[in-house]
Amino acid sequence: MPKAVVQGIGHAVPEKVLTNANLEELVETNDEWITQRTGIKERRICGPDDSCTSLSVAAARRALTNAGIAPEELDMITVGTVTGDFPFPSASCLVQEQLGAVNAGAFDVGAACAGFIYSMASVAPMLETGKIKTALVVGVDVLSRYVDYTDRSTCVLFGDGAGAVVLRAEEGTDRGVMDTVLLSDGTGAKHIGLDVGGTKNPPNRGIPEGMSPYLYMAGAEVYRFAVGAMGDACERVLERTGLAATDIDLFVPHQANLRIIESAAKRLELPNEKVFVNVQKYGNTSGGSIPIALSEAVEQGRLKKGDLVMTVGFGAGLVWGANLIRW
Ligand code: ACO
């Protein structure tokens, strides 16, 4: 059976940097509090001309160049996002058009901060079963458009960004997506979300009383869930593959909060050098977080062909999951 092998990777973040010092001017907060509670020092924020599509296309072009693959060779484009330019058409169709990927199908996957994990899991079986040969998987979010920059409990956490990988079906290799677990718990839907803009409260009816046009988050509940979910997904995927945490060469978790990352690494007993962290530079870029981290890990020479990489994410839904990949 062919494997879904990563051929190329790239990422794109907006130019505008929002530092902790900048946030001190907007809300009652300080660098020490943000650093201690989250590990975040700065994040990137889209300017008026940037969007989910422009970031996705920039990341995708880099991934295609890195893979040495032309847009016309793509059979499928999947974008993991909850912040597409519009409710419809899909983000993936806008990316398809701008890339000139004239032979590709296109669909979005809505799994918030686990969007990249879920997208990889949706596309890999198409390659493994021979339905398609080449696919582009993008993880991206532009949560700054839904953040209330007068709410200190959320505005310090989020940033914008996109990462993309090109997958190719390959025979006779042990590289590729090895296994995946995907999990969900809708009883936690109330802990993080956006009330308006969907069909329950459509934008043409204005903002119903008591609701907000900004994202809301019960930080402590999400924190408790995240700490358990990261370890849970990793342990399940290791058990399914018969591998041990000691086999992992690099751990690339969703970059939401340094403390959550550290507690997951501790549960897996992974040494610091096997844990990739860039949350200090970008904050939580939701669907963009894992592919941006993978792309930087490759650039820095910390992730090489043949390495075993564990990616794991969690997010609004609630959802969580892990992909184990032989890079
Ligand atoms: N600056 C200063 N003080 C602050 C700030 C701030 N930016 N934000 C909150 N505080 C205050 C609170 O008001 C509170 O004060 P009080 O005790 O007087 O009421 C105090 O700091 C402690 O607040 P806590 O909420 O208890 O702080 P905690 O240690 O839990 O950290 C945090 C908060 C960082 C939000 C943490 O709960 C967290 O990381 N949660 C998970 C968030 C997450 O991962 N979200 C991503 C979801 S993925 C997706 O789908 C998008």
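Visitor: Which atom of the ligand does a polar side-chain atom of tryptophan 33 lie 3.3 Å from?

Guide: An oxygen atom. Keep in mind that this is a predicted model. To read a pair like that, ask whether two N or O atoms fall within 3.5 Å, the cut-off for a polar contact. With tryptophan 33 the distance to the ligand oxygen is 3.3 Å, so the pair qualifies under that cut-off.

Visitor: What other side chains should I look at, starting with arginine 37?

Guide: Arginine 37 puts a polar side-chain atom 2.7 Å from an oxygen atom of the ligand. For arginine 259, an N or O atom of the side chain is 3.2 Å from a ligand oxygen. As for cover, the ligand taken alone exposes 1,000 Å², and the protein buries 72% of that.

Visitor: How many residues surround the ligand, and which are the closest?

Guide: There are 26 of them, and the closest are Thr29, Arg37, Cys113, Asn257 and Ala316. Sorting a shell by residue class is a handy next step. Here you get 15 nonpolar, 7 polar and 4 charged residues.

Visitor: Which helix or strand supplies the largest share of the shell?

Guide: That's α7, with 4 residues. At least two residues each come from α2 (31-38), α6 (152-155), α7 (219-241), α8 (258-267) and β12 (308-315). On the domain level, domain 1 (3-173) and domain 2 (177-326) each contribute at least three residues to the shell.

Visitor: Let's turn to the sheets. What holds the strands of a sheet together?

Guide: Strands pair through backbone hydrogen bonds, and they can do so parallel or antiparallel. One sheet here is open and has 4 strands in the order β8-β13-β12-β11, with mixed pairing.

Visitor: Why do β8 and β11 each have one side without a neighbour in the sheet?

Guide: Because β8 (176-184) and β11 (250-253) stand at the edges, and each has a single partner strand. Ignoring direction, neighbouring strands of this sheet are turned by 10° against each other on average. For a pair inside it, try β12 and β13 (residues 319-326), which are antiparallel over 8 bridges. One place to find that pairing on screen is phenylalanine 314, whose bridge partner in β13 is tryptophan 320.

Visitor: In what order do the strands of the 5-strand sheet come?

Guide: Read it as β1-β7-β6-β4-β5, an open sheet with mixed pairing. The edge strands are β1 (3-12) and β5 (105-109), each with a single partner, so each has one side left without a neighbour in the sheet. The twist from one strand to the next averages 20°. Between β4 (residues 76-80) and β5 there are 5 bridges, and the two strands run parallel. Glycine 80 is the residue opposite valine 109 in β5.

Visitor: I'd like to check the backbone too. Which residues does a cis peptide bond join, with omega about 5°?

Guide: Phenylalanine 88 and proline 89. You'll find proline 89 in the loop between β4 and α4 (91-99). Another cis peptide bond joins glycine 317 and leucine 318, with omega about -5°. Leucine 318 sits in the loop between β12 and β13, the antiparallel pair joined over 8 bridges.

Visitor: And phi? What is its value at glutamate 269?

Guide: About 55°, so a positive phi, although glutamate 269 is not a glycine. Look for glutamate 269 in the loop between α8 and α9 (279-282). As for α8 itself, that helix is among the elements supplying at least two residues of the ligand shell.

Methods
Residues are numbered from 1 along each chain as its sequence is written. This is a predicted model: local features need pLDDT of at least 70, side-chain atom pairs count only at pLDDT 80 or more; totals for chains, interfaces and linings use all residues. Side-chain values use heavy atoms; hydrogens and water are left out. A residue is near a molecule or strand if one of its heavy atoms lies within 4 Å of it. A polar contact is a pair of N or O atoms within 3.5 Å; within protein, one must be able to donate a hydrogen and the other to accept it, and residues adjacent in sequence count only if both atoms are side-chain atoms. Accessible areas come from the Shrake-Rupley method with a 1.4 Å probe; for residues, only the protein chains shown count as cover. Ala, Val, Leu, Ile, Met, Phe, Trp, Tyr, Cys and Pro count as nonpolar, Asp, Glu, Lys and Arg as charged, and the others, Gly among them, as polar. Domain bounds come from an automatic or database domain assignment. Two strands pair if DSSP finds at least two bridges between them. Axes are lines fitted to C-alpha atoms, for helices over the stretch in contact, and angles run from 0 to 180 degrees between N-to-C directions.
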